Amino acid sequence: YTTPSTPNPLRCDMGPMPRLVLLLLAVPTSAEATLLGGLWVDGHRRQYEKPTVERLRHGDAEAFRFDRYQSPAAVKAAFDGCRSRRSFRTHEASDGRRGLVSSTRLGGDWVLAESEQLAPACTAEEVLRAYLTGSLQKEWNADKVSRVAFSRAASPERGRYYRQDIELRSVRVIRSRTGPMSYSQTISVDKVGGRHYC
């Protein structure tokens, strides 16, 4: 996730090409925590839970909730009712990152954004640390993002989690511009077994 000319502890050497699936649900603005591998982990289980039966539905995104400790296959299956696998398109960045991306309108202010990327010879911990680095997020999206910041937070209801604050640049929409915008989202990280995260 870094350019070859940039020395960085998050850099991964080329090697086997495991497939990494990153699934993100963008939302409107508005336990046993430990630090494992440099990550703020809220919970830890030995294996994935049984797949959830809940499905994301168009027009009812606000009611959708992820059950914890779900496998990547179960998470993707939860989205199958609102988009087709044919909605994914190929994306390749100038620094070598490549994979598939999809954006699906769910009604109202809700959008499902998904990314499946190849992470050459990287561990899941390395990928998560790269994603949770604000400077890298800003570098990768410099044309759209003016600021990205991550902070750690906690509450009795939520446990430990990351808060991501993003400021977007003004963009042209038809004949006008949106003006700068900002939004926040929270990200909880659970660990499953010795090397899987969800």
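1. Let me start with a pair of glutamines: the side chains of Q185 and Q164 are joined by a polar contact of 2.4 Å. (A polar contact is a pair of N or O atoms within 3.5 Å; within protein, one must be able to donate a hydrogen and the other to accept it, and residues adjacent in sequence count only if both atoms are side-chain atoms.) Q185 lies in strand β12, and Q185 counts as buried because its relative accessibility is 11%. Here buried means under 20% relative accessible area, exposed means over 50%, and partly exposed is in between, with a 1.4 Å probe and protein chains only.

2. Before going on, a word on the model. This is a predicted model, in which local features need pLDDT of at least 70 and side-chain atom pairs count only at pLDDT 80 or more, while totals for chains, interfaces and linings use all residues. Residues are numbered from 1 along each chain as its sequence is written, and side-chain values use heavy atoms, with hydrogens and water left out.

3. Now the overall picture. The protein chain has three helices and 14 strands; helices (H or I, at least four residues) and strands (E, at least two) are DSSP runs, numbered from the N terminus. Of the 198 residues in the protein chain, 37% are buried. The accessible surface of the chain comes to about 12,200 Å², and 52% of that belongs to carbon and sulfur atoms. Those areas come from the Shrake-Rupley method with a 1.4 Å probe; for residues, only the protein chains shown count as cover.

4. Which strands make up the sheet around the glutamine pair? The order is β8-β9-β12, an open sheet of three strands with antiparallel pairing. Two strands pair if DSSP finds at least two bridges between them. β8 and β12 stand at the edges with a single partner strand each, so one side of each is left without a neighbour in the sheet. From one strand to the next, the twist averages 20°; the axes are lines fitted to C-alpha atoms (for helices, over the stretch in contact), and angles run from 0 to 180 degrees between N-to-C directions.

5. The pairings in this sheet are easy to follow by eye. Strand β8 (residues 145-155) and strand β9 (residues 159-168) are joined by 10 bridges, and the two form a hairpin with three residues between them. Across this pair, F150 stands opposite Q164, and R147 has E167 in β9 as its bridge partner. On to β12 (residues 181-187), which pairs with β9 over seven bridges. There Q164 has Q185 as its bridge partner, so the two glutamines of point 1 meet again; strands of a sheet pair through backbone hydrogen bonds, either parallel or antiparallel.6. The largest nonpolar core has 14 residues, and those with the most contacts inside it are L39, L132, Y162, I187, V189 and Y197. (A nonpolar core is a set of buried Ala, Val, Leu, Ile, Met, Phe, Trp, Tyr and Cys residues joined through side-chain atoms within 4.5 Å.) At least two residues of this core come from each of β3 (39-41), α2 (124-131), β8 and β9. Apart from this core lies another, of 10 residues, including C82, L106, W110 and L112. In soluble globular proteins, nonpolar side chains tend to be buried together.

7. I187 is a good residue to click on. Leaving out residues up to four places away in sequence, I187 touches Y131, L132, F150, Y161, Y162 and Q164, where contact means heavy atoms within 4.5 Å.

8. There is also an open sheet of three strands in the order β4-β13-β14, with mixed pairing. Its edge strands are β4 (43-45) and β14 (196-197), each pairing on one side only. Strand β13 (residues 190-192) runs antiparallel to β14, with two bridges between them, and Y197 in β14 is the bridge partner of K191.

9. Please look at the backbone of Y69, in the loop between β4 and α1 (72-78). Phi of Y69 is near 60°, a positive value in a residue other than glycine. Is Y69 buried or exposed? Y69 is buried, with a relative accessible area of 5%.

10. Two more polar spots round off the note. S115, in strand β7 (residues 110-118), is buried with a relative accessible area of 14%, and the side chains of S115 and Q117 share a polar contact of 2.9 Å. D143 is in the loop between α3 (134-140) and β8 and counts as exposed, at 54% relative accessibility. The side chain of D143 makes a polar contact of 3.1 Å with the side chain of K144. D143 and V171 are 28 residues apart in sequence and, C-alpha to C-alpha, 9.4 Å apart in space.
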